[in-house]
Amino acid sequence: MAGMVVQHNMNALGAYNKLNSNVNGLKKSSEKLSSGYRINRAGDDAAGLAISEKMRSQIRGLNQAKRNSQDGISMIQTFEGALQETHSILQRMKELATESANGTYDNATDRAAIQLEFDQLNDELNQIADTDFNGTVALNGGIMADGTKANGSAIDYTKNFTEPRELTKDDVTIGNLGYAGTANETVTFTATKDKDTGAVTWTKSDNGVGTVTNKAEGGFAYDGATFGFDTDKVNTGDTLTVTFTKGKAAVAASNPAAVDIYIEDNDSKATFAGGVTAEDISGSIKSEEDRDLVNSLNGASIGFTTDATGKLSAATVTLADGSVIEDTTGTATVSNPLSVKVAGNKLEIYGFIGGANKKIATIDGSAANDDFKSKTGEMSLVFTDAKYAPAEIGTITVEASAVSKSNAYDASVAKMTYADSVTLQVGARTKDAVDFTFNYESDGMGELEANMNVSAREDGLNTANLSLANQEDANYAIDQIDNAINKVSMVRATFGSIQNRLEHKIENITTTSENLTEAESSIRDTDMASEMMNYTKFNILQQAAQSMLAQANQQPQGILQLLG
């Protein structure tokens, strides 16, 4: 029955639905094969996506923690490697002390030569103690070899070279800040200082349009502005770059010519033959208040009456805001800023503008159309907006100043941090932050403190003040150097123990990351062999459905034979 209908070809509809289903299946299978992921969006497996993303977060954190641990090992190896050379120096110092303790060196000159090398080695111990890793020092007790001390944990190590810079733009005294010069420009001024008299002469760059006038006290004037300096801080080649912004005068403009004045009464229109006369009041506008007063006339409505001859006899002016201008016989004041006057068949409008009474416009109704005899009507006024812009004061800006090479200031600043511990994030969780403290406890080091200070100073290895001048001092030095060697050994052992721990930490992190990655892969990744079977299935089904849809579309053609 279904095969003999035209409107609903159910065979074709069924084949079409299956075709769409197979196309969607083929699309998803192709996407999984192309990306390598079983889950490409939440719709593929919402729960699996949530679990795998959580695992990914942990894996990424672990991988970074592994790099953090490796950075920690790098820091430790840097410090421990420096101490390897410290040990070598102490061994040489022990050798020199033993040599000086020998009775064959009675000659003071011989022991002085030994002491010379011994002192140099002490200086090098201090330099080695300044070893830093990425700006962090840990071996000098917070005091640099040159005596610079840590302020808390920060060390600002600054080296100043010769010839400090003296002239800066803050040294410039500017006069006439209310600049109203002739041009907007940026000009560079260059100083020349006489070596004998100390007199300073300034010249302008070629683009400057003004004239430079040099002052006896070392400054100069330019285009109405003055610049003062302490001549002791000025040298040949010093420059000053200045931007001048010219002031602007007040701008006032008004063209209150009425452009649309008409009379309407009994559906008829005509204009007064006398027309409108507008006064030029632009020179009278002195403020924004004046401007607003004139602009209030725009859109005013004038109700009028004509006499038996058709001439204007009375008028009432109503502003757009509904207020009525009082007829004060054409005298506008502060209390009545707008006024009208009807006289001699004319309507005159006045305003209190620029501090004085000014006529704004005149409507001449002395020769009206005969149709307006003894009539009432209405006029509308349209004025061009009055404008006003206040004056602007010019400005002077010192953009930059520079000094000659001979007066240059050079400085080297090293920002360092002293720390006797380091906190490493060695896991993917907050709790995995570990504070590795570089300290130890030990006896057998004499009077030396159990800390990380391995400088030659008294608070470190205490070798700086040792003397090899005689046998007694040399023997004392031998014992002190032995203690220093033991202290350096303990410091190195402390670093070594932390490094060993971090290496085990890295191995554990690596194993954990590997296992989590495998677990995440089982959830997220595509089984390529299995998915290829799905792809093949949907590909064949798509082609079969497409073929069946074509066959189903041909079935209604048989109905044409019945119609024939």
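Here are legends for a handful of close-up views of this predicted model.

In this predicted model, local features need pLDDT of at least 70 and side-chain atom pairs count only at pLDDT 80 or more, while totals for chains, interfaces and linings use all residues. Residues are numbered from 1 along each chain as its sequence is written, and side-chain values use heavy atoms, with hydrogens and water left out.

**View 1. The largest pocket and its lining.** The largest pocket comes out at about 160 Å³. A pocket here is an open set of points on a 1 Å grid over the protein atoms alone, where a 1.4 Å probe fits and protein lies on both sides within 12 Å along at least five of seven lines. Grid points are joined across faces, edges and corners, and the volume is the space filled by probe spheres set on the points. Lining residues have an atom within 4 Å of a point; here they are Gln58, Leu62, Val426, Gly427, Ala428, Arg429, Asp432, Lys505, Asn508, Ile509 and Thr512. The elements giving two or more residues to this lining are α2 (46-100) and α5 (471-524), and α5 gives the most, with 4 residues. Helices (H or I, at least four residues) and strands (E, at least two) are DSSP runs, numbered from the N terminus. Sorted by class, the lining holds 4 nonpolar, 4 polar and 3 charged residues. For the classes, Ala, Val, Leu, Ile, Met, Phe, Trp, Tyr, Cys and Pro count as nonpolar, Asp, Glu, Lys and Arg as charged, and the others, Gly among them, as polar.

**View 2. Helix α2 against helix α5.** The two helices pack at an angle of about 165°, with their axes 7 Å apart. Axes are lines fitted to C-alpha atoms, for helices over the stretch in contact, and angles run from 0 to 180 degrees between N-to-C directions. That angle makes α2 roughly antiparallel to α5 (the label applies to angles over 145 degrees). Their contact splits into 29 nonpolar, 21 polar and 11 charged residues. The crossing of α2 and α5 is left-handed, as in a near helix turned anticlockwise from the far one by less than a right angle.

**View 3. Two α5 residues and their partners far along the chain.** Ile485 sits in helix α5 and is buried, at 11% relative accessible area. Buried means under 20% relative accessible area and exposed means over 50%, using a 1.4 Å probe and protein chains only. The C-alpha atoms of Ile485 and His87 are separated by 6.5 Å, though these residues are 398 apart along the chain. Ala477 is also found in helix α5, and counts as buried at 0% relative accessibility. Its C-alpha lies 7.9 Å from that of Lys94, with their positions 383 residues apart in sequence numbering.

**View 4. Helix α2 against helix α3.** Helix α3 (residues 108-129) packs with α2 at an angle of about 165°, and the axes are 10 Å apart. That makes α2 roughly antiparallel to α3. The crossing of this pair is left-handed. Thr86 lies in α2 and is buried, with a relative accessible area of 0%. From Thr86 to Asn122, 36 residues apart along the chain, the C-alpha separation is 9.9 Å.

**View 5. Helices α1 and α6.** The axes of α1 (residues 10-35) and α6 (residues 528-554) come within 8 Å and cross at roughly 155°. The pair is therefore roughly antiparallel. Residues of this contact divide into 16 nonpolar, 10 polar and 3 charged. The crossing of α1 and α6 is left-handed.

**View 6. Two loop residues with positive phi.** Asn134 is not a glycine, yet has a positive phi of about 55°. Asn134 is in the loop between β1 (132-133) and β2 (136-137), and is exposed, with a relative accessible area of 75%. Thr329 is not a glycine and has a positive phi of about 55°. Thr329 lies in the loop between β16 (312-318) and β17 (338-343), where it counts as exposed at 56% relative accessibility.

**View 7. Ala361 in strand β19.** The strand spans residues 356-364, and Ala361 is buried, with a relative accessible area of 4%. Ala361 and Glu348 are 13 residues apart in sequence and 6.0 Å apart in space, C-alpha to C-alpha.

Terms used. Parallel < 35°, antiparallel > 145°, perpendicular 65-115°, else oblique.
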